[in-house]
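Q: I would like to take a close look at a single part of this protein, namely the place where two neighbouring strands turn back on each other. Could you walk me through that part and what surrounds it?

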Amino acid sequence: LALPVERVLPVAECLEAGYPWRLPLLGMEVKAGGTLMHPSVVVKAFPSASAAAKSGVEVGDEILEINGTKVATLLEMREALLALGDARATCHVKLRLRRQSRTIHVAFD
């Protein structure tokens, strides 16, 4: 099994500092959408008081990018979240979404 160093280094630094690693979360539930040939990640639910809700995300939105990283599958979304680093760090998240036939951009911390 080979892991890219850019994925291992942040985890190792966190563990060496004595902290548990926590995967960053967007605070929303997603599901696989689309087809086998054209997969997508679709927003399923989120708390009404969440940062996602306040930024304008809606149930049914298709997530196209997270901070500029294209996302078409749940695995790609996981990889994009891993790239954000440890959950204890505050980070600015930019999403590119498809809502019906429009592409929109939202951002939140």
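A: In this predicted model, strands S1 and S2 form a hairpin, with 4 residues between them. Strand S1 covers residues 29-34 and strand S2 covers residues 39-45, and the two run antiparallel, joined by 6 bridges. Within this pairing, Ala32 stands opposite Val41 of S2, while Val41 also has a bridge partner in S3, namely Ile63. Strand S3, residues 62-66, pairs with S2 in the antiparallel sense over 2 bridges.

The hairpin also carries a link between side chains, since Glu29 and Lys44 meet in a salt bridge with an N to O distance of 3.4 Å. Glu29 belongs to strand S1 and Lys44 to strand S2, and the two are 15 residues apart. Glu29 counts as partly exposed because its relative accessibility is 41%, a value that lies between the limits of 20% and 50%. Lys44 is likewise partly exposed, at 44% relative accessible area.

From the hairpin one can follow the path into the interior. Ile63, the partner of Val41 in S3, is among the residues with the most contacts inside the largest nonpolar core, which has 19 residues. S2 and S3 each supply at least two residues of this core, as do helix H3 and strands S5 and S6. Strand S3 is tied to S5 as well, because Glu65 in S3 and Arg96 in S5 form a pair that joins parts 31 residues apart in sequence. In that salt bridge the closest N and O atoms are 3.3 Å apart.

How values were computed
Residues are numbered from 1 along each chain as its sequence is written. This is a predicted model: local features need pLDDT of at least 70, side-chain atom pairs count only at pLDDT 80 or more; totals for chains, interfaces and linings use all residues. Side-chain values use heavy atoms; hydrogens and water are left out. Two strands pair if DSSP finds at least two bridges between them. A nonpolar core is a set of buried Ala, Val, Leu, Ile, Met, Phe, Trp, Tyr and Cys residues joined through side-chain atoms within 4.5 Å. Buried means under 20% relative accessible area, exposed over 50%, partly exposed in between (1.4 Å probe, protein chains only). A salt bridge is a side-chain nitrogen of Lys or Arg within 4 Å of a carboxyl oxygen of Asp or Glu.
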